[in-house]
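I opened this entry to record a few local checks on the backbone and on the ligand surroundings. The structure is placed below for reference.

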Amino acid sequence: MNDTITPTGAPSLAHFIAQLITTEGPLPLADYMSLALNHPTLGYYRKQDPLGVAGDFTTAPEISQMFGELVGMCVLDVWSRADMPKFTLAEIGPGRGTLMADLWRATNILPPFQVAADMHLIETSPALRAEQKKRVPQATWHERLEELPTDKPLYLIANELFDALPIRQFERLNGTWFERYVRLSDKGTPDAPAFEPCLVPLAPGAEDLLPPSMKSSPDGSITEHCPSGIALIEELSHRLAKQGGMALIIDYGFDGPAGGDTFQALRSHKFANPYQDPGAADLTAHVNFLALKTAAQRAGVQALGSIEQGAFLRNLGIDARAQTLIAKASPEQQSDIASALRRLTDGKEMGSLFKVLALVGANTPTPVGFSH
Ligand SMILES: C[S@@+](CC[C@H](N)C(=O)[O-])C[C@H]1O[C@@H](n2cnc3c(N)ncnc32)[C@H](O)[C@@H]1O
């Protein structure tokens with residue numbers, strides 16, 4: 001038996017997707033992205049821990065403990081002004097569990113917080129669940145948001161989750177909108193199938209997904225829609241409206257009229273071709289915060305922001321926190337802390353591209369520093 005054959009019967013995810021396209025025709029982009037990231041055995045997130053220097057990308061909690069600590073201070077502040085209820089403390093897409101571990105350590109300044117909190121993590125990757133168990137063994141794990149308890153206020157964090165949710169892309173050609181699908185490319189070989197985007201006519205109803213301002217955009221215009229991101233926000237918002245609590249959605253993206261191709265692949269900290277070697281690179285798209293905010297408001301919760309990550313962290317006191325850490329650090333650590341502060345807050349690094357949206361549920365005070 002050939003031991004390179006996977007449990008799906010195909011030697012690689014690229015072969016599996018190629019077989020699918022050969023039998024069923026071009027694949028919607030969202031299905032391609034979903035398989036590349038989440039195929040049960042060959043998907044990017046199912047196979048490995050992708051974070052850190054040895055991985056493909058790094059994230060704010062992995063850059064500095066200050067990130068999780070300050071997110072924790074934001075949650076602690078709102079929860080204490082909400083009269084300190086018993087509550088569900090949840091994170092979706094927790095990576096290595098670093099943010100939650102830093103939040104937990106920092107919130108110990110007010111011990112009733114930890115007595116009242118019941119920690120839940122929503123994670124689909126077995127490799128990352130194992131990492132999370134090392135850092136926050138007290139958590140309860142779930143596959144889906146729907147599995148969280150419904151009887152208490154919910155305080156939920158999502159950092160760099162929404163960019164990993166599959167998107168649909170629409171492109172204008174000859175005065176007509178089409179949807180981008182994925183087909184086999186002539187550049188591939190039987191040993192190494194290759195893929196490329198192609199355009200198919202819009203399915204019924206797809207027209208409604210185009211932003212009204214782009215209905216007659218020039219040829220070459222591209223717009224994106226993230227169906228599972230909108231569905232997740234709707235489910236979350238319905239819960240917050242009923243249960244009370246707050247959600248912080250942090251990610252890279254834009255908050256304004258949608259437009260442009262943001263589908264990208266990251267491999268070993270470099271941009272790669274997202275149509276090559278699916279399952280081997282992280283595939284993402286920028287988050288449309290305006291679309292998330294509109295969906296949340298439609299579902300009946302208050303949506304605040306988005307504000308830029310740099311402003312969010314500064315409002316929570318990151319400069320003072322960095323100074324406290326620097327005062328106790330070795331010269332080498334001092335320069336690491338200063339560099340982390342810059343990476344997290346500077347407009348040329350993560351400070352502007354990354355944004356924070358707050359959803360505030362029933363009977364819950366608003367977090368400080370957000371505008372409507
Ligand atoms: C880019 S990583 C971010 C990790 C972490 N939040 C951080 O900032 O370091 C995306 C995370 O979302 C998880 N994930 C991806 N799709 C998911 C889904 N549909 N439901 C829950 N978790 C998901 C991944 O396994 C991973 O933990």
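In which strand is the place of Ser 306? I worked from a predicted model, and I located Ser 306 in strand β15, which covers residues 302-308. I then looked up the peptide bond that joins Gly 305 and Ser 306, and I recorded it as cis, with omega at about 5 degrees.

Next entry: positive phi values. I noted that Asn 174, a residue other than glycine, has a positive phi near 50 degrees. I traced Asn 174 to the loop between β6 (168-173) and β7 (176-184). Is Asn 174 buried or exposed? I entered Asn 174 as exposed because it has 6 C-beta neighbours inside 10 Å, and the cut-off for exposed is 12 or fewer.

I found a positive phi at Ser 268 too, near 50 degrees, again in a residue other than glycine. The place of Ser 268 is in the loop between β11 (264-267) and β12 (270-272). For Ser 268 I counted 11 other C-beta atoms within 10 Å, so I entered this residue as exposed.

Last entry: the ligand. Which residues around the ligand come nearest? I listed 19 residues around the ligand, and of these Thr 59, Gly 93, Gly 95, Ser 125 and Glu 160 come nearest. I also sorted the shell around the ligand by class and obtained 10 nonpolar, six polar and three charged residues.

How values were computed:
Residues numbered from 1 in each chain as written. Predicted model: local features only at pLDDT ≥ 70, side-chain atom pairs only at ≥ 80, totals over all residues. Near = placed C-beta within 6 Å. Nonpolar A, V, L, I, M, F, W, Y, C, P; charged D, E, K, R; others polar. Helix = DSSP H or I, 4+ residues; strand = E, 2+ residues; numbered from the N terminus. Buried ≥ 20, exposed ≤ 12 C-beta atoms within 10 Å, placed from the backbone.
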